[in-house]
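Thanks for making the time this morning. I would like to walk you through one structure, taking it piece by piece, so please have a look at it before I begin.

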Amino acid sequence: MAALVDIQAADGLPRARTPALIGTFTLLLIAGPFIGLAVATHWNDFHFAPGDTGSIGVSLGYSLIALVLIIVLGTPLAWWLARQSFHGKWALEAIILLALLTPPLAMGILLTTLFGPYGPVGSLVAHAGVELTNSAPAFVLAQFYGALPYYVVAARAAFEGVPRELEHIALTLGKSPWQTFWLVSMPLARLGLAAGIALAWVRALGEFGIVLILAYYPQGIPVKLWVNLQDIGLPAVYPLLWVFFLVAIPLPLILGLASHRQRLF
Amino acid sequence: MRINYRIDHPLQLQADFEVEDFTVLLGQSGEGKTTLLRAIAGLLPAQGEPFSGLPPQHRAIGYLPQGYALFPHLRAWENVAFALPRGPQRRAQALELLARVRLVHVADHYPTALSGGQQQRVALARALARKPQLLLLDEPTSALDAGTRDEVMAELIFDMHEFGLPTLAVSHDPYLAALADRVAAMSGRRIVQQGTPAEVLSRPASVAVARLLGHRNLFTARVVGHESSTGVTLLQWEAANGTTLRVPQQPELAAGQLVQWMIAPTAVRLPSFKPERHRSDNPVTGRVETRLNLGAHCQVALRCGTERLWLAAPSNLVRHHGLEPGREITVDLRSNGLLCWPHLG
């Protein structure tokens, strides 16, 4: 650290105090609610409300399933948007923008219209015995819709950052387009893809608006927080919130650390 | 190997020429040289032989783009092994190829830790792993600094000959043409001349080719007439005080016509030690402007009227004549070293 400061001094650059000051202030703003949480939590009487543990399992399990679906279905779309140019591409981009823009509550209503028992898709799959409201599939569906657009935007940017020349060189070295994707595009996009996965995970796990409308049951952590607040009061919110942080943070943290450790270029 | 390609998009281009040993295709920027290489590699649509219609992964070519495009996430040996089939021998084979370009010691380095010349040779080894029938090099000297360029190119060309692979390098660098086994010149998006470097350098087919080859003594003159008895065409070099020049007869040139002419700096002769032995073809008088000392040789710029004429001569001869700036001297432009072409535009 001292060496860094010396280099700055040697450059004759003034030590930038203003950004550091404003940065500290901004960080305090961000940290404020969490400091408040730490103070407000009754640590002597730390206990869960009935049903809290169940909501943790629901959130974790179904978010993982939603995340897998998002990666499997979102990655090809992101690659397609990043690598192909065609007429009317703007319309596809507009659809994704629309999904990003729609308020979660409104998206929940739209999904209920489509997948609800009287909706065109909902009534169709109901014949097969699958309910797409207030069920496990509905919960996954809600998280999928909440997080997918964020993943597609991040993954697309990641693929666009891969130099096309390297993909072309892989072809001239005898690799098929499929092999080129796995051996060149994916590894080189992995930083951005990891960021996209982390973002999708956070979005899916924290999804409230869509879930509230489409899948009030089974209750995941965000809805259970709401229920605890309504039925019991503030003190019942804090313990579950601490658990939420505990389960939500590891995946983004691991992804971040893993991709940074291999930052070679 | 004969290359014959026609490209319509993104630019129109027609190229038909021979590649043997180390062949250099010279052309200005914007002639479509990179486009041609990419077409041969199958990376953009084109018609032509060889490899017509095959997708890039089925063409037996090794392509080294500008900057070499090594995979940044793979170590040197993994880059080389990229085209090799999976198996226990993979690393050994890659190291063998790296040994052929004398780079085993950097096998575990990532590309960012390699010098430009080393990256180029890793890219060469990687291309060789694919067992190509033709190597394509895009501006192989562009990423090298002047200090190491000669060394790196000498090694590269040595390797090419060692591997016995026909190689096509495209460049705008006349220096590279001098090292080639064969040269093709591209102008107006087609091949305008091809042959050995000696042939092409000494007899450029047009002013455009002469410029590509880096010739400096390019001037304009007017045809005065023909002397059939002595087999010469007379030119008047108006910019140099109307000096008369005699060139081997070119009957197609009409009196009064403007021509462009050139002479290699080595064909500009200083007066001989024994003047009685030689008759001057084209005496031209000028004043020394600059002298560049290049060891055993010197290059001297003479101001002739409004033009600057370069001559290249052994240093001892230049010293003998005392060619310091400001000194006036009459030199001889050898008739058979003078080339001229009708002036275009």
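Helix α1 of chain B is mostly covered, with seven of its eight residues buried. Please bear in mind as I go on that this is a predicted model. The buried residues of α1(B) are B:Lys33, B:Thr35, B:Leu36, B:Leu37, B:Arg38, B:Ala39 and B:Ile40, and you will notice that a lysine and an arginine are on that list. As for where the helix sits, α1, which spans residues 33-40 of chain B, lies across β1 and β2 of that chain and runs at about 110 degrees to β1(B). After the helix comes B:Gly42, a residue whose phi is positive, near 85 degrees.

That brings me to the strands underlying this arrangement. In chain B there is an open sheet of three strands, in the order β2-β1-β4, and the pairing in it is antiparallel. Its edge strands are β2, residues 13-18, and β4, residues 47-49, each of which pairs on one side only. If we ignore direction, neighbouring strands of this sheet are turned by 0 degrees against each other on average. Strand β1(B), residues 2-7, is joined to β2(B) by six bridges, the two running antiparallel, and if you want one pair to look for on the screen, B:Arg6 has B:Gln14 in β2(B) as its bridge partner.

Let me now move further along the chain, to β15(B). Which strands does β15(B) pair with in the antiparallel sense? One partner is β16(B), residues 297-304, with which β15(B) pairs over seven bridges, and here B:Thr290 has B:Ala301 as its bridge partner. These two strands form a hairpin with two residues between them, and in the turn B:Gly295 has a positive phi of about 75 degrees. The other partner I would point out is β18(B), residues 328-333, which runs antiparallel to β15(B), residues 283-294, and is joined to it by five bridges; in this pairing B:Gly286 stands opposite B:Ile329.

Finally, a word about how chain B meets chain A. The contact involves 17 residues of chain B and 15 residues of chain A. On the chain B side, these residues comprise 12 nonpolar, three polar and two charged ones.

Conventions:
Residues are numbered from 1 along each chain as its sequence is written. Chains are lettered from A and ligands numbered from 1 in the order in which they are written. This is a predicted model: local features need pLDDT of at least 70, side-chain atom pairs count only at pLDDT 80 or more; totals for chains, interfaces and linings use all residues. Two strands pair if DSSP finds at least two bridges between them. Helices (H or I, at least four residues) and strands (E, at least two) are DSSP runs, numbered from the N terminus. Axes are lines fitted to C-alpha atoms, for helices over the stretch in contact, and angles run from 0 to 180 degrees between N-to-C directions. Two residues are in contact if their C-beta atoms, placed from the backbone, lie within 7 Å. Ala, Val, Leu, Ile, Met, Phe, Trp, Tyr, Cys and Pro count as nonpolar, Asp, Glu, Lys and Arg as charged, and the others, Gly among them, as polar. A residue is buried if 20 or more other C-beta atoms lie within 10 Å of its own, exposed if 12 or fewer, and partly exposed in between; C-beta atoms are placed from the backbone.
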